[in-house]
Amino acid sequence: MGVEGSEQEVSCRAVVQLRNVVLPRPHGELRLWMLIGLPWAVKVAGSSFPLPPPIVPASRPCVLFRSPMSRIAYVNGRYLPHKRACVHIEDRGFQFADAVYEVIALRAGRPIDEERHLARLHRSLAALEIAAPMSDAALKTVMREVIRRNGIADGILYLEVSRGSAPRDFAFPKRAKPSLVMTARRQRLAARLVEEGVGVITVPDLRWARRDIKSVSLLPNALAKQQAKAAGAYEAWQVDRDGNVTEGASSNAWIVTPDGEVVTRPADTGILNGVTRQGLIGLLGREGLRLIERPFSVTEAKAAREAFLTSTTNFVLAVVSIDGTPVGNGHPGSLTRRLRQLYDAYVAAQGGVR
Ligand SMILES: Cc1ncc(COP(=O)(O)O)c(C=O)c1O
């Protein structure tokens, strides 16, 4: 929705022809730029773009090719073309959601907050008694190789560890070997969302009692996200039986009270302790800003001065309406904007260029 999709690149040696190209709508914006070794290239954001015939008049010598770098996935020891990458049909991740995952932001090809992600991965694995598939040093090597092979500067790395494949049985298999999958892709949040903020809806929290484990059991999250999309909202804030917001379908939820206190739910078993959340809490402490970790209700959130969400793919993003009710004046609040800047700087300090 708000995230720019993967980019497709097409290059052509016939500069004159490309200058005259008019791309059909609604395939996305057209950008021309110089590449070393490739005189000109056309980049179409967010779509599979069928080349219109006028680009390649048969009478002219023109070399065209797509996707100079095709997607590569890592699957259990092998780097495979994305299309051919697969796990066994009796993988327990597929049959029982018996698997955990991490999504790590990449900036300038570097993983952001890598140690926190690995610590959470180990916590999730330990909670489910799944063995680590390899040492952290080896994991980091594979991560870098996946990033390199996919040529990703800004984007995300997805990593999943399942208990492995075994004949279907509920109890843990005796000798299953954990399976490890990694993919990476370009992705960046649209600047418009940061400037304008987003709307959320509230939905009942239908999930199990161990939301602190980052398991791939994401059906309630997917249903909530679909409800948000159908309502024209960006995210769904899930609400427990007491009327308190737990967290978003794929983000943590925050408010700023009329007194200027930043409030977010404590990271117990009721929510996922977001890596972005942890990073931001550190920044709040450093800046001497008041943080209170306590539950807050939907009613309180709607009356808050500001609201925002945090996640690996969104960093700090203003929430400007809840169920259609404007938060504050309906625009990103000043503290939220400041926290966004602080977090951006925190990312940049880790080596990423923004
Ligand atoms: C349910 C849930 N809460 C919170 C988050 C935010 O976590 P992080 O900041 O580590 O991306 C996510 C991220 O996917 C999530 O799925």
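This is a guided tour of a predicted model, one selection at a time.

**Whole chain**

Start with the protein chain in cartoon view. Its secondary structure comes to nine helices and 21 strands. Colour by burial next: of the 354 residues, 34% count as buried. Now think about contacts between residues at least 6 apart in sequence. Of these, 70% join residues at least 24 apart.

**The ligand and its shell**

Select the ligand and show the 14 residues around it. Leu272, Gly274, Val275, Thr276 and Thr312 come nearest. Colour the shell by class: three residues are nonpolar, nine are polar and two are charged. Which elements each supply at least two residues of this shell? They are helix 7 (275-287) and strand 19 (306-311). Helix 7 gives the largest share, three residues.

**Strand 19**

Stay with strand 19 and select 306-311. Is this strand mostly covered or mostly open? Mostly covered: six of its six residues are buried. Show side chains to see the two directions. Glu306, Phe308 and Thr310 point one way, while Ala307, Leu309 and Ser311 point the other way. Residues on both sides are buried.

Add the pairing partners of strand 19. Strand 16 (residues 252-256) runs antiparallel to strand 19, and five bridges join the two. Pick Asn252 to see one of the links: its bridge partner in strand 19 is Thr310. Strand 20 is also antiparallel to strand 19, with four bridges between them. Here Leu309 stands opposite Leu317. Follow the backbone from strand 19 into strand 20: a hairpin of three residues makes the connection.

**Two positive phi values**

Select Phe315, which lies in strand 20. Its phi is near 55 degrees, a positive value in a residue other than glycine. Phe315 has 23 other C-beta atoms within 10 Å, so it counts as buried.

Move on to Asp323, in the loop between strand 20 and strand 21 (325-326). Asp323 is not a glycine either, yet its phi is positive, at about 50 degrees. Is Asp323 buried or partly exposed? Asp323 is partly exposed, because 15 other C-beta atoms lie within 10 Å.

**The largest nonpolar core**

Now select the largest nonpolar core, which has 60 residues. Label Leu157, Met182, Val200, Ala307 and Val319, which touch the most other members. Strand 20 (residues 315-322) contributes the largest share, seven residues. Why does this core lie between domain 2 (72-186) and domain 3 (191-349)? Both domains give residues to the core, so it lies between them. As background, nonpolar side chains tend to be buried together in soluble globular proteins.

Zoom in on Met182. Leave aside its neighbours within four places in sequence. Met182 is then in contact with Ala73, Tyr74, Val142, Met143, Val146, Leu157, Tyr158 and Leu159.

**The six-stranded sheet**

Leu157 leads to the next stop: its bridge partner in strand 11 is Ala184. Select strand 10 (residues 155-162) and strand 11 (residues 179-186) together. They pair in the antiparallel sense over eight bridges.

Widen the selection to the open sheet of six strands. Its order is 7-6-11-10-8-9, and the pairing is antiparallel. Which strands sit at the edges? Strand 7 (78-81) and strand 9 (110-111) do, each pairing on one side only.

Key: Residues are numbered from 1 along each chain as its sequence is written. This is a predicted model: local features need pLDDT of at least 70, side-chain atom pairs count only at pLDDT 80 or more; totals for chains, interfaces and linings use all residues. A residue is near a molecule or strand if its C-beta atom, placed from the backbone, lies within 6 Å of it. Ala, Val, Leu, Ile, Met, Phe, Trp, Tyr, Cys and Pro count as nonpolar, Asp, Glu, Lys and Arg as charged, and the others, Gly among them, as polar. A nonpolar core is a set of buried Ala, Val, Leu, Ile, Met, Phe, Trp, Tyr and Cys residues joined through C-beta atoms within 7 Å. A residue is buried if 20 or more other C-beta atoms lie within 10 Å of its own, exposed if 12 or fewer, and partly exposed in between; C-beta atoms are placed from the backbone. Domain bounds come from an automatic or database domain assignment. Two residues are in contact if their C-beta atoms, placed from the backbone, lie within 7 Å. Two strands pair if DSSP finds at least two bridges between them.
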